[in-house]
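User: Please take a close look at a single part of this protein, and set that part in the context of the whole fold. I would like the cut-offs behind each term to be stated as well.

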Amino acid sequence: MNSQERLSQRFNDMGRFFCQNICALPGILENISRDGCKICYQLPVSVDMDSDYESKITFARAAGAQFSLVCHPQWIKECGSTTEIGFRILPSTDYARLAAYIQQLEEDNSEDMLEFQPSESVCQIIK
């Protein structure tokens, strides 16, 4: 699914993805939206594309708060010794908290965009 087909905006955000049924070590959160996330493991892992996975995501910005979510794999990509996985986030325990967190990311992104809007200024050279 490319970015034009996405249902909602993705945000690059730092965090950890914990799922014991995939790997004893956490994956690295690369980006997230209301509908899904991209996770990178620094080692080869495998997932059952037909299974849902109970996971916990912690965000660096959320002071270590943990979100319990059910995720379903959409794609997997192995790059040498790393594995990237795209997950769809299903309605689950902390989905409402995640939606509020994403809303905050959207608001922060909007404020940043307003702050850095180039202004139309005119330079005049006076002889």
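Analyst: What follows starts with the whole fold and then turns to one residue and the salt bridges.

This is a predicted model, in which local features need pLDDT of at least 70 and side-chain atom pairs count only at pLDDT 80 or more, while totals for chains, interfaces and linings use all residues. Residues are numbered from 1 along each chain as its sequence is written, and side-chain values use heavy atoms, with hydrogens and water left out.

The secondary structure comes to one helix and six strands, where helices (H or I, at least four residues) and strands (E, at least two) are DSSP runs numbered from the N terminus. From the N terminus on, these elements run β-β-β-β-β-β-α. The six strands close into a barrel in the order 1-2-3-6-5-4, with antiparallel pairing; two strands pair if DSSP finds at least two bridges between them. Strand 1 (residues 11–19) is joined to strand 2 by six bridges, and glycine 15 has leucine 29 in strand 2 as its bridge partner.

Isoleucine 32 lies in strand 2, which covers residues 23–32. With 0% relative accessibility, isoleucine 32 counts as buried, given that buried means under 20% relative accessible area, exposed over 50%, and partly exposed in between (1.4 Å probe, protein chains only). Leaving aside neighbours within four places in sequence, isoleucine 32 is in contact with residues including Phe11, Ile57, Phe59, Leu98, Ile102 and Leu105, contact being heavy atoms within 4.5 Å. Arginine 88 is 56 residues from isoleucine 32 in sequence, yet their C-alpha atoms are 9.8 Å apart in space.

A salt bridge is a side-chain nitrogen of Lys or Arg within 4 Å of a carboxyl oxygen of Asp or Glu, and by this rule the count comes to five. In one of them, the side chains of glutamate 30 and lysine 38 meet at 3.3 Å, N to O, and Glu30, Lys38 and Glu84 are linked in a network of salt bridges. Glutamate 30 itself is partly exposed, with a relative accessible area of 27%.

Another salt bridge joins the side chains of glutamate 106 and arginine 34 (3.1 Å, N to O). Because glutamate 106 lies in helix 1 (residues 95–115) and arginine 34 in the loop between strand 2 and strand 3 (36–41), the pair ties together parts that are 72 residues apart in sequence. Glutamate 106 counts as partly exposed at 22% relative accessibility, and arginine 34 is partly exposed as well, with a relative accessible area of 23%.
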